[in-house]
Each structure stands twice: as structure tokens, then as C-alpha cells.
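Hi,

Here is the model I said I would pass on. Have a look at it first, and my notes follow underneath.

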Amino acid sequence: MFDYYNLEPVLMWIHSTMCGLMPEWLAFTIEGIAVGIFIMVMYAVLAIILIYMERKVCAAFQCRIGPDRVGGRGGLLQVPADVIKILTKEIISLKNSDKFLYALAPFLVIMASILTFSCLPWNKGGEILHMNIGIFFVLAASSIGVLGILLAGWSSNSKYTLIGAVRSGAMIISYELSIGLSVLTMVILCGTMDIQEIVAYQENGWNIFKGHLPALMAFVIYLIAGNAEANRAPFDLAEAEQELTAGYHTEYSGMHFGFFYLAEYLNLFITAGIAVTLFLGGWMPLHIAGLEGFNTIMDYIPGVIWFVGKTFFVVFLLMWIRWTFPRLRIDQVLILEWKYLMPLSLLVLVIMTVMKVFGLVF
Amino acid sequence: MFSLFEIAFYAVALCIIVFSVLAVTTSSILRSATYLLFVLLGTGGIYAILGYTFLSAVQLMVYAGGIIVLYVFSILLTRSSGTMKYKIRRGKMISVLLTTLVGMALVMFILATNGFALNIIPQGVELPVEKIGNALIGTEKYQFVLPFEVMSVLLLACMIGAIMIARKRN
């Protein structure tokens, strides 16, 4: 039904042609490098788009115009100009700090981010890392990022960074529970951990409709916890400007800081992308039962457009939350997680299991 | 000529060896934890090469994302001098070397008598999750519901104990 835009035959054809021209190991190596470059380029381009979007959305919420000078009325070249500026900045090295860990920390953060990024299902047959435990791997890989934050905070040898890192670590470890439980809820609904199969399960209705009440609750829990995982307001106390200058990346400059910044925005995109995969049907088009003509037109839109469109919608939701709510204190953040969110997500998990067993979901 | 699997295996194995040596020879405790992280990531990589992606993700989640984070956290929260430069006496050094050699000889002996398990595991095939799940909570032969439940009771006891120790007295 959705086979017009299936990427798998094309990719298999490219692979077999390359294997015909050269030995298999060389083909694998070249493909690996090409995929790596593709990930890097997508990463950079998406970061630029997201930063521009954040500035415009923020401006709209604060009744301002936002960037409008560089690159025409829309300020379209503002972010590329900032990128070039940050690339030319000096990378400062600190006295009395652990140089190796200081240099390593941003790479740990970006590694976790890229590993999860490559699990996103862009299209049918368009997933870079495909395994039958996909969604579990996403959770596992994203848990490395907090280590980079902790190391960055410690190795900078400054009290602001250390406080920021410990706050962020405590918060991320706590909220990983809620994320894990809400993902597990959807794994129970779909009966698989394979990301492509989770999307395929939603062929005749997105999970948020299929799982109705518990799925909706899991979606809200996921969005709250995902916001905390990405270290964004109202959970941005790790880098609360008024108290901690910039939190764990206070002492970083140039592209080292840029890596943290990139990872923050891409983690936002990844959080939204996984939310779309689990709840909003991934690359599946919107179908309304009974409207055959409408459904056929929707089928003609490629999956990748659906996926990116829905993801940007969820990104907008997260930005809306960010620019609406004030920042929480660290004890409030931890109380919210341990006393309300985690018991609630356990309850949702039980409800979903019962409904699945008794066939109360669609 | 090596196959791609073999090249990947040797690269990961080399990483594990280098970082495990670094983890015990470095003088900074936090660096040691970081090198240990790379060793555990490498172990996860070996599981992934074997096609046991579930265990690989568990390795990432439990060890890299859980235990190492706890280590780093406790190092950050406790006041440690940061360096671990100790003078080691010669007698201790010799006994350590002897123990290492005996351990190595034992491992070599077991490997030489039993051989590698290379042909038992199908290469490049992922183990399905359903199989693992059934093995974990099944009650038949080669299924492990009792150890699984005993383990969860143990963990619960650990958590209650930790809360008892850490809670405020009033």
C-alpha cells in the first residue's frame, strides 16, 4: 500500500551494484563512510533549522520579531553567520584542570546523541541502525550522554560547572525512569521493540488513537520527561543563567561549547522523533476511516515528509512548553519525578498491560 | 585475508585491552572510571558483533549508563584527593605479578582444552527478543524464572537497606 516510496529496493540496488564493481569489504567501507557523512550533514543542517526555529518561536511568544537583519527580512542567514563565528573562535584550555577529560566530555555527549539520531525511522526502509531491539538501544545509548555532562562539570574545575553537572545528572537519571516506563507502555501495545515494526503496527491507526487513554497519558509523561532529558526549560536548572552562569559548559569555548549546543538541539529533535515514532505513527500518513479519497491523497505524500513534519510539530510543542513555564527548583524537579511522574507511569504501564490482555485496545 | 567481522573484533578487542590496562595504571580516579567506561563500551561492541544486540544494549544501559554514572557521581560527591599515587613495595609487586600469571595460565589452559565457542553461535544473526523473554520467565528446563525472581527480591532488599541507612532520623 505504501510501496511507492519504499527506500529499501533502491538501497539494495545501490549495494548490489557496488558489490559488482568492487570487493564486498570495500563496498561496505564506502557505504559506511557515505552514511557517516550523511549523518553529520543532516545533524548540522537540522541544528541550524532548529536554532532558527527556536529564535523565531521564542520571539513570537515574547511579542518580538526575532532575527531580521542578516539575510533579508526573515533573518535567514543569522544562524549560518553564528555557525561561522563559533567555528572561528579560540578553544581555551584551562589551567589546573584534567585536559583529557575536559576535551573528551563534549564528544561523549555528541556520541550519545548521534547514536540515537541514527535510530530514527525516516521512511520505509530508511533507518540507519536497524535492530530488533531498536527502541531499547535508543534508551541505552541516550544514557551515555549524562556521563559527558558529569565529566564536563568536574573537569572544568569550577564550582558553577560542578553544581550544574550534579544537578543535571540527578535530574537526567531520575527522568530516565519515566521515559523508560512510558516507552515500555508503547512496546507492550505494539508487542515489539523493532522501530520499523512499531511504525508498521500503526498502519491502520496511530498508537495514540489505538491505545487511547493509557497511550495519551504515556504521551504526556513522555513529553515531560523528554523535556527534562534534553535539559530544557522548565527543567534547565542545570544551566540556570541567573545562578550558575551557564552550568556545566561555563568553561567551554568555541566549537567545544558548540558541541554541547548542537547536542542540546538535536536531543530535542530526537526526543520529538521518538515521540512521533511511538505515538504519532512515525512515517505513516494520516488516515481517517471512511474517507477513501482523502486517504489516497495522503498516501501520495512521501513518508519522510510525514516524519519530519510530525517531528517539527512535536518540537513546536516542546518549544511552546519551554517559553511558557518558569524554571523549577531542583527539589521540585525531583519531587515531581519521584512522587508523581514515576508512580503515574507505573500505573499507566499496568493499565496498558491489562487493556492489551483483555483486548480493550484497537 | 580477514573478514569484516574479524577486523571489527580485533579492533574492539585491542581497544578493550589498551583501556583496561590504562584503567588500572592511571593515577586519577575519574580518568580510571572513564577508561573503564570505554572497556564496557567495547564489551558491548563484542556482544553486538556476535549478534546478541539485546545483551549489547543491556551492557550499554546497565554498565555505561548506570554503574559508571554512579561511580562518577559518587566521586563527584565525595571529597577525594583526585590522585592515587601510591608507593608499591617489592613483595606486593611480585605477588601481584605471580597472581596475574597464574590467572593467565588458568584461562589459557581452559581455552586450550575447550576451544573457542565460535561455531556454537550463528554469526551475524540477531537473537530474537521473544526467545530471551521466554527464557527469563519460563519455568521449564533452561528457563530462569527462579533466579530472576530471587534477583529482584535481592535488589528490593538492597533498596530498602539503602533507604534505611540514608533516611533522616527524627
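I started with the contact between the two chains, where chain A puts in 26 residues and chain B 21 residues. On chain A, the side that touches chain B draws at least two residues from each of these helices: H2 (24-61), H4 (99-117), H5, H6 (145-155) and H7 (159-190). By type, that side of chain A splits into 22 nonpolar residues, three polar and one charged. Do keep in mind that this is a predicted model.

One helix pair across the chains caught my eye. The axes of H5 (residues 134-142) of chain A and H3 (residues 53-77) of chain B come within 8 Å, crossing at roughly 25°. Since angles under 35 degrees count as roughly parallel, H5(A) is therefore roughly parallel to H3(B). The crossing of H5(A) past H3(B) is left-handed.

As for who meets whom, H5(A) brings Phe136(A), Phe137(A), Leu139(A), Ala140(A) and Ala141(A), while H3(B) offers Thr53(B), Ala57(B), Leu60(B), Met61(B) and Gly65(B). Eight of the residues in this contact are nonpolar and two are polar, with no charged ones.

Then there's the core. The largest nonpolar core has 117 residues, and Leu147(A), Leu151(A) and Leu266(A) touch the most other members. Helix H12 (residues 254-279) of chain A gives this core its largest share, 15 residues.

Leu147(A) is worth clicking on: leaving out residues up to four places away in sequence, Leu147(A) touches Leu108(A) as well as Leu37(B), Ile68(B), Val69(B) and Val72(B).

Cheers

Technical notes. Residues numbered from 1 in each chain as written. Chains lettered and ligands numbered in written order. Predicted model: local features only at pLDDT ≥ 70, side-chain atom pairs only at ≥ 80, totals over all residues. Axes fitted to C-alpha atoms, helices over the stretch in contact; angles between N-to-C directions. Helix = DSSP H or I, 4+ residues; strand = E, 2+ residues; numbered from the N terminus. Parallel < 35°, antiparallel > 145°, perpendicular 65-115°, else oblique. Left-handed = near helix turned anticlockwise from the far one by under 90°. Contact = placed C-beta atoms within 7 Å. Nonpolar A, V, L, I, M, F, W, Y, C, P; charged D, E, K, R; others polar. Core = buried A, V, L, I, M, F, W, Y, C linked by C-beta atoms within 7 Å. Buried ≥ 20, exposed ≤ 12 C-beta atoms within 10 Å, placed from the backbone.
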